[in-house]
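Please open the structure in your viewer and keep the selection panel at hand. The tour below goes from one selection to the next and says what is to be found at each stop.

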Amino acid sequence: MSNGNLSNSPPNFQQNLFPRKNTMIRKFGLARYRQMFERLKAAGGKCGCEFNMGGTIGNSFQSHRLIEWSKKFGLEKHNEVMEQIFIAYFKDNKDISDTAVLVECATAAGVEGAAEFLAGSDHIDEVKRKLRPRGINGVPFFIVNDSIRFSGAHPPEVFLALFEELDLPLLEAK
């Protein structure tokens, strides 16, 4: 979701927000940032996904809780909640540490009760248990075939080579 952290320790999840573009430039340098963003935009354009680099980077733990909770509504709703969060963050430059934004995402996906869920503490321990032992402190983070783990953005060729090496079936692009 974000290149931010997944810590659930701050009582206010919106406590530490940083401009996304500036943060990415500081982290990767201007030239690499431009290269990465252009590659992201081009890849997204091929599948109808729009990426923008405005907005902020913050604590995405609440979004991970919402994603975990949405599983109880079935795979289709779960995927739609994730899609709405991605759209909010990557396309619309919304702050996904903001409860109101996450409630909008759930509602757009047809999932009711998100405000009440996010106000509570359900799935905090479960999400921590799933992320921490695996060394996941930021996103994107990938687990392939329940064994290979790596962090960071990678070009599609890296995934394709890995899938072929593991002899995993490939799906046709839509």
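What follows is a walk through a predicted model, beginning with the whole chain and then turning to single places.

**The whole chain**

Start with everything shown as a cartoon and coloured by secondary structure, where eight helices and four strands can be picked out. Following the chain from its N terminus, you meet these elements in the order β-α-α-β-α-α-α-α-α-β-β-α. Of the 174 residues in the chain, 33% are buried. If you switch on a surface, the area on view comes to about 10,400 Å², of which 53% is supplied by carbon and sulfur atoms. When the contacts between residues at least 6 apart in sequence are considered, 67% of them join residues at least 24 apart.

**The largest nonpolar core**

Next, hide the surface and select M24, L66, W69, V81, I85, I96 and L102, which touch the most other members of the largest nonpolar core, a set of 24 residues. The elements that contribute two or more residues to this core are helix 2 (30-46), helix 3 (61-70), helix 4 (75-91), helix 5 (99-108) and helix 6 (114-119), and colouring these helices separately will help you to follow the next stop.

Which residues does L66 touch once its neighbours within four places in sequence are left aside? Centre the view on L66, which belongs to helix 3, and show the side chains around it: the contacts of L66 are V81, I85, L102, A106, A114, F117 and L118. Because its relative accessibility is 0%, L66 counts as buried. To see how the fold brings distant parts of the sequence to one place, draw a line between the C-alpha atoms of L66 and L102, which lie 36 residues apart in sequence and 7.7 Å apart in space.

While helix 3 is in view, select R65 as well, and bring back F117, one of the contacts of L66. R65 is placed over the face of F117, 4.5 Å from the centre of the ring.

**Aromatic rings**

Now show the rings of the aromatic residues, among which there are seven aromatic pairs. One of these is formed by Y33 and F37, a stacked pair with 6.0 Å from centre to centre and 5° between the planes. Both residues belong to helix 2, where they are four residues apart, or about one turn of the helix, and both Y33 and F37 are buried. For another pair, turn to F86 and F90, whose ring centres are 6.2 Å apart and whose planes meet at 55°, so that this pair is tilted. F86 and F90 also sit four residues apart, about one turn of the helix, but in helix 4. With a relative accessibility of 36%, F86 counts as partly exposed.

Keep F86 and F90 selected and add F51 and Y89, since these four residues form one aromatic cluster. Then add R20, whose charged end sits over the ring of Y89 at 4.0 Å from the centre of that ring.

**The hairpin**

Move on to residues 141-144, which are strand 3, and residues 148-151, which are strand 4; the two strands run antiparallel and are joined by four bridges. Two of the residue pairings can be checked by eye, including that of F141 with S151 and that of V144 with I148. Strand 3 and strand 4 form a hairpin with three residues between them, and in the turn N145 has a positive phi of about 60°.

**Two further positive phi values**

Where along the chain is H123 found? Select H123 in the loop between helix 6 and helix 7 (124-131), and note that its phi is near 70°, a positive value in a residue other than glycine. At 23% relative accessibility, H123 counts as partly exposed.

For the last stop, go to the segment after helix 8 (156-165), where D167 has its place. Phi of D167 is near 60°, again positive in a residue other than glycine. Is D167 buried or exposed? Its relative accessibility is 69%, and therefore D167 counts as exposed.

Note on methods: Residues numbered from 1 in each chain as written. Predicted model: local features only at pLDDT ≥ 70, side-chain atom pairs only at ≥ 80, totals over all residues. Heavy atoms only, no water. Core = buried A, V, L, I, M, F, W, Y, C linked by side-chain atoms within 4.5 Å. Buried < 20%, exposed > 50% of the residue type's maximum accessible area, 1.4 Å probe, protein only. Contact = heavy atoms within 4.5 Å. Areas by Shrake-Rupley, 256 points an atom, 1.4 Å probe, with all protein chains shown as cover. Pairing = 2+ DSSP bridges. Phe/Tyr/Trp six-rings, centres within 6.5 Å; stacked < 30°, edge-to-face > 60°. Lys NZ or Arg CZ within 6 Å of the ring centre and 35° of its normal.
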